[in-house]
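This report walks through selected residues, one helix, the aromatic pairs and two ligand shells. Please keep the sequence and the structure in view while reading.

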Amino acid sequence: MEPRDYPTAPVDALGRPLRDLRISITDRCNFRCRYCMPEEIFGADFRFLSEEKLLSLPELVRLTQIFVSLGVEKIRITGGEPLLRKNIGDIISRIRSIEGVKDIAVTTNGSLLKQKAQQLREAGLERITVSLDSLNDERFGRMNGRGFPVRTVLEGIDAAASAGLSVKINMVVQKGVNDQDIIPMARYFRERGHTLRFVEFMDVGNSSGWNLQQVVPSKRIIEIIHADMPLEPVAPNYYGEVATRYRYQGTHTEIGLISSVTQAFCGSCTRARLSAEGHLYTCLFASDKTDLLSVMRAGASDDEVRQRIVQVWSERQDRYSETRLAQTSPRRMVEMSHIGG
Ligand code: SAM
Ligand code: SF4
Ligand code: SF4
């Protein structure tokens, strides 16, 4: 069957099609960002998935093909830290060669990017997002929980750009932690022509230490930057675009704002997420999952796996960000490092 010809390409209970797949290829990370994998919880005795519990390359490719047959066009590879996975080059090139995949991107902390940028480009990758929260070594080291220096990430970004990758930067902004870095980050990446995206601090997982007072609303970030470097709005590129975009006046360089707390975008959320052990989640804030790896390892045919996905997606009603502030009791959620943001 040709991609996207599957007769029951699913629409969820709120009318949203399935278009994007985010695949976490490892739950491990060499950083311990306070807002994602704090050392107290993800310490030396934390048990990560063993090799045999991870989706293997053939399983990953098979599942991706099935998702593509249901209408998925965009794939994002994430983690944990995806560049820790040894066969990252093979993963990219195999997924890229699946007919129907229109776009593939990787999100990384950039720590290994200098060594791997060329390999990723040769595997066919065109776009990469690098997470970086500060240009100040002390603050960045504290935020990444490992004292990791800024310079290595910046060298990774330069290596990616030199290899021909289009680079975006993600900065999670936390009030009182790194909000003083908004302008230095904006200036630095404006000069280099890379899109910097400001991500509102979110209450993902059970260990982010989130509270609303620490969120810097995107509106405020625009005001801060506009006062220094005038901005103008840019129209969205496509339905369901997560970032609201602005351009520095008189340039082609953009910034983006991902406002999942103050301007939720659940209404156009077309994203499914696959954890490193092959569990399907239909929301970043989900507590329920569907174990597709066990279904596959029990011998299910492609059609059976497809039907399971169609059923899960058809029943999907997630809109957590739209209801966040009305939630009265805390709930257990999947960890961000498990499904990758
Ligand atoms: N390790 C890779 C990285 O950091 O880019 C990929 C996985 S990481 C979970 C994906 C993205 O989620 C990163 O850009 C990270 O900054 C973001 N993130 C993690 N925890 C977050 C939180 N509590 N609020 C907002 N963004 C968060
Ligand atoms: Fe690792 Fe990325 Fe989470 Fe930081 S945000 S701990 S780099 S997975
Ligand atoms: Fe999508 Fe869930 Fe985020 Fe809403 S809260 S945009 S449904 S992932």
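In which helix is the place of isoleucine 91? In this predicted model, isoleucine 91 is found in helix α2, and with a relative accessible area of 0% this residue counts as buried. Once its neighbours within four places in sequence are left aside, isoleucine 91 is in contact with Ile25, Leu57, Leu60, Ile77 and Arg85. For one of these partners a backbone distance can be given: the C-alpha atoms of isoleucine 91 and isoleucine 77 are 9.1 Å apart in space, while the two residues are 14 apart in sequence.

**Individual residues and their distant partners**

Valine 310 belongs to helix α9, which spans residues 302-315, and its relative accessibility of 14% is under the 20% limit, so valine 310 counts as buried. Although valine 310 and leucine 70 are 240 residues apart in sequence, their C-alpha atoms are 8.1 Å apart. Glycine 176, in the loop between β5 (166-173) and α6 (182-192), is by contrast exposed, with a relative accessible area of 67%. Between glycine 176 and histidine 252, which are 76 residues apart in sequence, the C-alpha separation is 31 Å.

The table sets out these C-alpha separations together with one that involves phenylalanine 285.

| Residue pair | Separation in sequence | C-alpha to C-alpha distance |
|---|---|---|
| Isoleucine 91 and isoleucine 77 | 14 residues | 9.1 Å |
| Valine 310 and leucine 70 | 240 residues | 8.1 Å |
| Phenylalanine 285 and methionine 333 | 48 residues | 5.7 Å |
| Glycine 176 and histidine 252 | 76 residues | 31 Å |

**Helix α3**

Helix α3 comprises residues 113-122, and its buried residues are Leu113, Lys116, Ala117 and Leu120. Viewed down the axis of α3, these buried residues fall within an arc of 130°, and they therefore line one face of the helix. An α-helix has 3.6 residues a turn, so residues three or four places apart point the same way. On the face of α3 that is turned away from the buried side are the exposed residues Gln115 and Glu122. The cover over the buried residues of α3 includes α2 (88-96), β3 (103-108), β4 (127-131) and α5 (150-162); α2 is also the helix that holds isoleucine 91. Just after α3, glycine 124 adopts a positive phi of about 105°.

**Aromatic pairs and charges over rings**

A pair of aromatic rings is described by the distance of the centres and the angle of the planes. How many aromatic pairs does the count come to? The count comes to six aromatic pairs. Among them, phenylalanine 31 and phenylalanine 140 form an edge-to-face pair, with 6.2 Å from centre to centre and 75° between the planes. This pair links distant parts of the chain, as phenylalanine 31 lies in the loop between β1 (20-24) and α1 (57-69) and phenylalanine 140 in helix α4 (residues 137-144), 109 residues apart. Phenylalanine 31 and phenylalanine 140 are both buried. A stacked arrangement is found for phenylalanine 285 and tyrosine 320, whose rings are 4.5 Å apart centre to centre, with 25° between the planes. Here too distant parts of the chain are linked, with phenylalanine 285 in the loop between β11 (279-281) and β12 (290-291), tyrosine 320 in helix α10 (residues 320-323), and their positions 35 residues apart in sequence. Both members of this stacked pair, phenylalanine 285 and tyrosine 320, are buried, and for phenylalanine 285 the relative accessible area is 3%. Phe31 and Phe140 also form one aromatic cluster together with Phe148.

Charged side chains lie over two further rings. The charged end of arginine 192 sits over the ring of tyrosine 188, 3.6 Å from its centre, while arginine 324 lies over the face of tryptophan 210, at 5.9 Å from the ring centre.

**Ligand shells**

Residues of both aromatic pairs described above recur around the ligands. Ligand 2 is surrounded by Cys29, Phe31, Cys33, Cys36, Met37, Gly80 and Asn109, a shell with five nonpolar, two polar and no charged residues. Among the residues that surround ligand 3 are Phe285 and Tyr320, together with Cys266, Cys269, Cys283, Arg271, Arg273, Arg316 and Asp318. Two or more residues of this shell come from each of the elements β10 (271-274) and α10. By class, the shell around ligand 3 has seven nonpolar, one polar and four charged residues.

Key
Residues are numbered from 1 along each chain as its sequence is written. Chains are lettered from A and ligands numbered from 1 in the order in which they are written. This is a predicted model: local features need pLDDT of at least 70, side-chain atom pairs count only at pLDDT 80 or more; totals for chains, interfaces and linings use all residues. Side-chain values use heavy atoms; hydrogens and water are left out. Helices (H or I, at least four residues) and strands (E, at least two) are DSSP runs, numbered from the N terminus. Buried means under 20% relative accessible area, exposed over 50%, partly exposed in between (1.4 Å probe, protein chains only). Rings of Phe, Tyr and Trp (its six-membered ring) pair if their centres lie within 6.5 Å; planes under 30 degrees apart count as stacked, over 60 as edge-to-face and the rest as tilted. A charge sits over a ring if NZ of Lys or CZ of Arg is within 6 Å of the ring centre and within 35 degrees of the ring normal. The arc is that of the directions from the helix axis to the C-beta atoms. Contact means heavy atoms within 4.5 Å. A residue is near a molecule or strand if one of its heavy atoms lies within 4 Å of it. Ala, Val, Leu, Ile, Met, Phe, Trp, Tyr, Cys and Pro count as nonpolar, Asp, Glu, Lys and Arg as charged, and the others, Gly among them, as polar.
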